[in-house]
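Welcome! Take a moment to look over the sequence and the structure, and then read on for a short tour.

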Amino acid sequence: MNKGSGACRGACRSRKIAGKLMLDPIKAAATMEQHGWLPLEPYPGAGKPWQCRCAQCATVKTKRLTHVRNGRAGCRHCAGQTFTAAAAADTMTAAGLSPLTPYPGQQLRPWLARCQNCGHLSTPTLASVRLRGHQCWACKATHFPTRRRLDEQQAVACMLTHGLQPLGPYPGRADAPWRSRCTTCDSASAPVPGALPGHHRACPVCAQQGISPSEPGDLYLVVHDDLGALAWGVAQAGRRRLHPRRAWRPLARWRLPAAQDAWAFGRYFKQQIRSNGCPPARPTEATADHAWAQTVLLEDVSSGQAVRIIEEVAGPAS
């Protein structure tokens, strides 16, 4: 005790050491201001959180004087590493995308949005939008043909080559829909002339392979009671994807005007449940032929909860 160490080796000794190491509040505030941070509260200590405001962007952050003195004084908001919900929405809108859900909180998470140019749904990330600008798979599909700048004669020849008879004047752009009639099945459609070269779906009615993105599609949920699993998928409107005698029973179905919208809602649903830590259901040897990447255990996500997640963006089930 004569040496000044005191009798208590616990909290009293820690406070005494912290008091000796604590800098002068005026000097500490001057150090923070020198590195671009304006303190908003009294100096708490070198290693304790200190509420400050960035002198450049006015963002309020919690900094530590120790970190600032060690070279970690940068503002993540000024560096573009953090975004507020309003700033993220403005970035998407400036890139020609209308967000349909709140900001997911991270730049690398998919964000459900509608293209302001063509109206198609997509799930780009904020990082990709900031890096490359407008992100829409439908607009990108016609990007290369648009650069070819088809004139009227070339566009008419392209339509006739693919078995389509134009029903109106040329819209003047290779990426604009052109009302036409199929010479095989006599059905009307509005394909994009610039997307026809190298494309195997000139007439959506004649093309019966797979799922046509432009035709109406269904997003469905099915449940396997024996395995306790829930699955989702996309089917063309009016068509079955699962055999009626299989163990999967239908739970809900949403009829959408285009199959690509159903795919977008399916990707949004997957992102929501995976971000909550819900892994896919484990396949068994008898059921290894199913797409288990689009499954989840019912003990992680109930059927009612799954329906509510999709109804928030796609509306009530049909």
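This briefing covers aromatic pairs and then a group of paired strands. Please keep in mind that the model is predicted. A search of the whole structure finds 4 aromatic pairs, and two of the topics below start from there.

**A tilted pair**
- The ring centres of tyrosine 43 and tryptophan 50 are 5.1 Å apart with the planes at 50°, so this pair counts as tilted.
- Both tyrosine 43 and tryptophan 50 are buried.

**An edge-to-face pair**
- Tryptophan 232 and phenylalanine 269 have ring centres 5.0 Å apart and planes at 80°, so they form an edge-to-face pair.
- Because tryptophan 232 sits in strand β11 (residues 229-236) and phenylalanine 269 in helix α9 (residues 259-275), the pair ties together parts that are 37 residues apart in sequence.
- Tryptophan 232 is buried, at 5% relative accessible area, and phenylalanine 269 is buried too, at 0%.

**Strand β10 and its partners**
- Strand β10 spans residues 217-224, and 8 of its 8 residues are buried.
- Gly217, Leu219, Leu221 and Val223 point one way from β10, while Asp218, Tyr220, Val222 and His224 point the other way.
- With β11, the strand β10 pairs in the antiparallel sense over 8 bridges, and tyrosine 220 stands opposite glycine 233 in β11.
- These two strands, β10 and β11, make a hairpin with 4 residues between them; in the turn, glycine 228 has a positive phi of about 65°.
- Strand β12 (residues 248-256) also pairs with β10 in the antiparallel sense, over 8 bridges, and alanine 252 in β12 is the bridge partner of leucine 221.

Definitions and conventions: Residues numbered from 1 in each chain as written. Predicted model: local features only at pLDDT ≥ 70, side-chain atom pairs only at ≥ 80, totals over all residues. Heavy atoms only, no water. Phe/Tyr/Trp six-rings, centres within 6.5 Å; stacked < 30°, edge-to-face > 60°. Buried < 20%, exposed > 50% of the residue type's maximum accessible area, 1.4 Å probe, protein only. Pairing = 2+ DSSP bridges.
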